[in-house]
Amino acid sequence: MRHDRAPLFETVLNHAKNRVVSFHTPGHKNGRGIDRRLRQFTGRNLYYMDVTVFPEVDSLHDPVGPIKKAQQLMAMAYGVEHSFFLVNGSSVANMIMLMSACRPGDSVIISRNAHKSTMAGVILSGVWPIWIQPKVDQNLDILFDSSPEQIEEALRLFPEAKAVFVTSPTYNGVTADLVKIKEICRARGKILLVDEAHGPHLKFHKDLPVSAVEAGADMCGQSTHKILSALSQGSVVHLQSDLIDVTRVRKVVSLLQTTSPNYLILSSLDAARRQAVLEGERILERVIRYAENARKRINQMKNVNSFSRNDILARGYDLDVTKLTVNVTRTGLSGHEIEDILAEKYKVQVDAADLFNLIAIMGIGSDKSDVDRLVDALADIDHKYKGGAQNWVLQIPELTTEMVMNPRDVFLMQKSKRVPLSKAVGQISAQTLTPYPPGIPVLIPGERITKEIVNYLADLSDKDIRVVGQEGDALRTIKVVAAR
Ligand SMILES: Cc1ncc(COP(=O)(O)O)c(C=O)c1O
């Protein structure tokens with residue numbers, strides 16, 4: 001087993017080069033049947049790699065050949081016992097982790113700003129979520145995931161919890177103190193699951209924060225496609241645990257994945273691992289330098305700024321500096337508006353935006369000219385838009401929520417009904433409602449609707465603030481559990 005080999009990628013590539021006649025799926029038959037304009041743009045080669053399960057290229061569901069070897073090399077690269085290739089992103093990793101670690105009725109401590117796929121995992125696994133409210137930082141206009149102290153307190157209140165689920169890094173690149181969190185979990189025999197969708201590269205450079213596997217997480221999911229060089233949807237779930245049974249993980253991974261995985265995605269995971277091990281440190285060194293130079297230039301501008309690693313360390317967290325969160329509040333425009341200007345006028349697309357910030361993320365393929373394009377565009381915008389500061393404030397409403405029904409039971413139940421907001425007090429929510437900002441659900445299926453929650457939602461509706469989950473142009477009704 002050598003890291004300069006990529007057994008799956010090499011097998012699929014050789015198969016493609018051999019121009020084998022296809023009497024298997026997919027139907028485009030080595031690209032011949034692909035829409036002409038698409039093929040003209042892409043060329044035909046890659047379609048020869050779009051194969052299906054047969055002995056030469058191995059099976060994702062029962063790997064015995066090149067996929068098995070490629071997964072073993074992935075596990076070696078991260079220093080874990082087992083790694084599983086995924087073709088549905090870290091979304092499926094979150095479902096896999098909860099379903100592998102827990103049984104229906106177990107409770108799990110989760111930060112309320114977890115990615116929406118976590119809720120899918122909660123429903124599929126049948127766990128009771130114990131929500132931790134993220135912390136708001138009104139100086140940086142971002143949210144912080146669970147701190148060790150919050151997790152310790154939650155475990156004191158709910159000692160029966162089976163697992164702790166942490167998102168690290170967040171969208172902004174902020175990582176939690178996973179070493180401390182692991183200590184807390186280990187001392188109490190709790191499983192630590194980490195959504196590390198944004199951190200597949202952390203392990204490959206010393207100047208990046210401690211990764212989940214290095215901190216000793218029992219399981220973590222990584223979007224190899226987000227930062228390293230896998231194609232979109234290419235992710236991995238890693239396992240290193242005495243508390244989770246590998247046979248169960250294998251079953252769950254198989255249960256949740258297609259029987260027709262895309263071999264280009266699978267091959268790209270194998271090639272991305274080889275690249276990360278052999279060249280990751282050198283490439284990341286460069287990317288870190290570009291990002292830090294960009295941050296420095298941005299912080300010399302008048303109306304935009306980007307927090308530094310020291311800013312985040314001072315708050316008890318760490319930062320992956322390859323992610324630039326650019327605060328634009330002093331321009332007088334929202335992050336969304338600047339995102340549009342950047343895309344339309346400067347042909348620069350960022351990863352995400354909210355009222356306060358843009359998030360520009362770098363990856364293994366970022367180069368200096370791209371970074372200069374972003375920073376030059378921001379400098380131009382900084383010059384042109386000097387509007388007064390907006391008085392938006394990032395805050396989480398002080399609402400107490402109580403889960404009275406398991407989200408899975410709500411999902412499976414036959415009966416729900418829509419009621420006017422004013423009639424919803426005392427009922428159980430059958431839907432998730434998430435206002436942006438702050439992007440934290442006010443209600444989750446299974447939670448009791450209180451008068452305070454209704455008043456808060458009605459106020460948002462009066463102010464024309466759109467709530468994700470609302471039906472129609474205004475939030476006038478809410479879906480609740482119908483009496484059984
Ligand atoms: C924190 C977090 N977890 C999970 C996911 C899902 O990852 P994927 O897009 O690879 O399915 C995302 C996607 O943006 C995310 O931000």
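Trainee: In this predicted model, is Asp372 buried, partly exposed or exposed?
Mentor: The relative accessible area of Asp372 comes to 24%. Buried would require a value under 20% and exposed a value over 50%, so the class that remains for Asp372 is partly exposed.

Trainee: With which residue does the side chain of Asp372 meet in a salt bridge?
Mentor: The criterion is a side-chain nitrogen of Lys or Arg within 4 Å of a carboxyl oxygen of Asp or Glu. For Asp372 the N to O distance is 3.9 Å, and the partner is Arg297.

Trainee: How many residues apart in sequence are the parts that this pair ties together?
Mentor: Asp372 belongs to helix H15, which covers residues 368-384, whereas Arg297 belongs to helix H12. The salt bridge therefore ties together parts of the chain whose separation in sequence is 75 residues.

Trainee: What is the relative accessible area of Arg297?
Mentor: Arg297, the partner of Asp372 in the salt bridge, is classed as partly exposed. Its relative accessible area is 33%.

Trainee: Of Asp318 and Arg309, whose side chains meet in a salt bridge, which is buried?
Mentor: The N to O distance in this pair is 2.8 Å. Arg309, at 24% relative accessibility, counts as partly exposed. A relative accessible area of 15% falls under the 20% limit for burial, and the residue with that value is Asp318.

Trainee: Which residues do salt bridges that share partners join into one network?
Mentor: Asp372 and Arg297, already described as a salt-bridged pair, both belong to this network. The full membership is Arg297, Lys368, Asp372 and Asp376.

Trainee: Is the packing of helix H1 against helix H12 parallel, antiparallel, perpendicular or oblique?
Mentor: Helix H1 spans residues 7-17 and helix H12 residues 263-298, and their axes lie 7 Å apart at an angle of about 135°. Angles over 145 degrees would count as roughly antiparallel and those from 65 to 115 as roughly perpendicular, so the arrangement of H1 relative to H12 is oblique.

Trainee: How many nonpolar residues are there in the contact of H1 with H12?
Mentor: On the H1 side the contact includes Pro7, Leu8 and Phe9, and on the H12 side Tyr263, Leu266 and Ala271 are among the residues met. Besides four charged residues and one polar residue, the contact has a nonpolar group that numbers seven.

Trainee: Which residue forms a salt bridge with Glu10?
Mentor: Glu10 lies in helix H1 and its partner in helix H12, 264 residues apart. With the closest N and O atoms 3.1 Å apart, that partner is Arg274.

Terms used. Residues are numbered from 1 along each chain as its sequence is written. This is a predicted model: local features need pLDDT of at least 70, side-chain atom pairs count only at pLDDT 80 or more; totals for chains, interfaces and linings use all residues. Side-chain values use heavy atoms; hydrogens and water are left out. Axes are lines fitted to C-alpha atoms, for helices over the stretch in contact, and angles run from 0 to 180 degrees between N-to-C directions. Helices (H or I, at least four residues) and strands (E, at least two) are DSSP runs, numbered from the N terminus. Angles under 35 degrees count as roughly parallel, over 145 as roughly antiparallel, 65 to 115 as roughly perpendicular and the rest as oblique. Contact means heavy atoms within 4.5 Å. Ala, Val, Leu, Ile, Met, Phe, Trp, Tyr, Cys and Pro count as nonpolar, Asp, Glu, Lys and Arg as charged, and the others, Gly among them, as polar. Buried means under 20% relative accessible area, exposed over 50%, partly exposed in between (1.4 Å probe, protein chains only).
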